[in-house]
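Trainee: Could you show me how to read a few features in a model like this one?
Mentor: Sure, let's open it up.

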Amino acid sequence: MNTSARAKNRNFRWGLLFFLAPVCLWLFLLIVLPHIDLLIMSFRAENDMGDMVWSLSNYRNFFEEPVYWLTYVRTAIYSVLVTFLTFCITLPLAFYITKVVCPRYQGFLTILLLMPFWVSELVRVYGWMILLRESGVVNHFLLKIGLLNQPIEMLYRDTTMVLGLVYTSMLFMVVPLISVLESLDDSLIEAAHDLGANTWSILFKIIIPHATPGIVSGSIVVFMLTLGNYLTPNLMGGKNSLWFTEQIYNQFIASFNWNQGSAFGFLLLIISSLIVWLGLTLSRQKLGKVVQ
Amino acid sequence: MKIDLSVQHVTKTYADFTAVDDVSFQVETGRFFSILGPSGCGKTTLLRMIAGLSEPDSGKIEIRARDMAGIPPNRRPVNLIFQNLALFPMMDVAENIAFGLHRRGEGKAVIHKKVSAILERVDLAGFETKKIEQLSGGQKQRVAIARCLVLEPAVLLLDEPLGALDLKLREQMKVELKKLQAKVGTTFVYITHDQSEALVMSDHVAVMNQGVFQQMDTPQNLYNHPRTPFVARFVGDNNAWAGRVNSSDGKTVSIETNDGFTFQVLSDQSFQPGEPVDLFLRPEAMLIQPDEAIADLNRFEVVVKSLLFDGANSRLLVNPLKTGTELLIALPQNRQYDYVRRDDKIEVGWAKTSGLCFPKIET
């Protein structure tokens, strides 16, 4: 009895190990190991003699060069803004799909919403560029109806870049919001209405508190993807709207300064962790609960 | 007497059927009024129209003599207790109860006082900081009631709030709800499909079927003098027996049942000879082995098919001799009938005042 129980226990442990091994290997070899290497690299720099030594100069450069830390702060603020805008746009959308529209069309509308995401991000961004560039569709149309006298450049502005980023990240907000709003009992909304609540207090007292786990998990994903996005800021923001990922890219590829690049990479990691932690603390949510 | 709620010729039609069809009634201040009907009879639709969650197609709803047309639910002096109670799980008990008061913009101190007063009233003093999921079914019930009563509505609407409770608790809450209503004096409009809930608690009951009020009366009258076959079947248990009228003199009707028995029934309705009718007999109207000396009884012999023991509510399932008709007869548990066994042949009698006779409706 005792031995069989022990054997069973041992079997279980081997099984667990067997299934966990690929995950552990993947985490260790592809995430932990390269990061350790990058971390080491970020603390190494050439000294005057041209030898590699331990140094904080990579981090010092970041603080001494305004363009670096300005881009850094800009990227963080814009990411928060994009996350907030995405939320503001998708909440009514998700509410409409789950609560207002006839249940027959729910699936259809959700698929309609997901459809653009079957196309690669690159193609979608080029789609926006075709619409917005100086000789693009929108300019052509506005000229035709006489609203403009001469075409204006709509690309390469902060607004355009934010628009592109919101568009790119919508999917990752709308899916958790739909699933969390589906679990909201309609009678709670009706009860609140019956007890004297108007639309705004229903939104802030019932809907948003109920949807908080979905909002937080969607926001985390959107925020991280936006912060680490390279394609959209690069193509739609151009030279006028620098994104911190572009600085990292420049260091690695253009300047071939891997040490400076890794330092930037770690700084980005720090700010993203910091803001996610701040968001979780402010909304009083636990990460483990939110990602479920 | 002041009228709190007045519903006049209200009709609500959905795409393919009429949920509520020209319903009118009035409820006086401080009354417990129930609407009793099978599921799908339109009672919830009616209640939601009173609460303002949907609008009637035609007709008028007045609360304390004010026309409610176009007034949204948050501005109506009525509150609704939902079938699933709809307590807010993201708030604790005190926040749930204070929700409506906050919406009215009352001061913090006033809210605090009112919340603890109402909690005391529903016997939940000290439960302010409890979470909703920590409460038992009966406690949730009382929080839901407190949440509405604290707003002092003109009319409190209740949508089968006892439906989710188990039997024992339901029996207990029935009595408690009745006592609470008497204590606070608020007008209650209660809908249910459970006839016992309606009969026990209400001052007046309306029986509803297919969007129409069949009868509106006191519980006693509904039970003793149902005016339609539907009410006779739906309120309490009844045995239905199909037959034809032999003769009718405006007072006594002589009926021959389809299986050959002849009975006398008192009725103030008059019937044509040969008219098909349904005869309704309450299980407790039938006496087992009645004394020979009692005159004017409709007597017949039956064979006992089975004994349905259910404590005070025990019944006999019998067949009248040589027929397939099934009848339920009340079996008082006073030891007097302990000798009755399965397959026994016994005599049964009923007074002609206790039978009810309605023209047969083709179904």
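Trainee: Is B:Q289 buried or exposed, or something in between?
Mentor: Buried means under 20% relative accessible area, exposed means over 50%, and partly exposed is in between (1.4 Å probe, protein chains only). B:Q289 has a relative accessible area of 35%, so B:Q289 is partly exposed. Keep in mind that this is a predicted model, where local features need pLDDT of at least 70, side-chain atom pairs count only at pLDDT 80 or more, and totals for chains, interfaces and linings use all residues. Residues are numbered from 1 along each chain as its sequence is written, chains are lettered from A and ligands numbered from 1 in written order, and side-chain values use heavy atoms, leaving out hydrogens and water.

Trainee: Where does B:Q289 lie?
Mentor: In the loop of chain B between β15 (287–288) and β16 (297–308); strands are DSSP runs of E, at least two residues, and helices are runs of H or I, at least four, numbered from the N terminus. Its phi is near 45°, a positive value in a residue other than glycine.

Trainee: And what about phi of B:H9?
Mentor: That phi is near 50°, again positive in a non-glycine residue. B:H9 sits in strand β1 (residues 3–14) of chain B and is partly exposed because its relative accessibility is 49%.

Trainee: How are two packed helices described?
Mentor: By the angle between their axes and the distance between the axes. In chain A, the axes of α3 (residues 66–100) and α9 (residues 199–227) come within 9 Å and cross at roughly 135°. So α3(A) is oblique to α9(A) (not under 35 degrees, over 145, or 65 to 115).

Methods: Axes fitted to C-alpha atoms, helices over the stretch in contact; angles between N-to-C directions.
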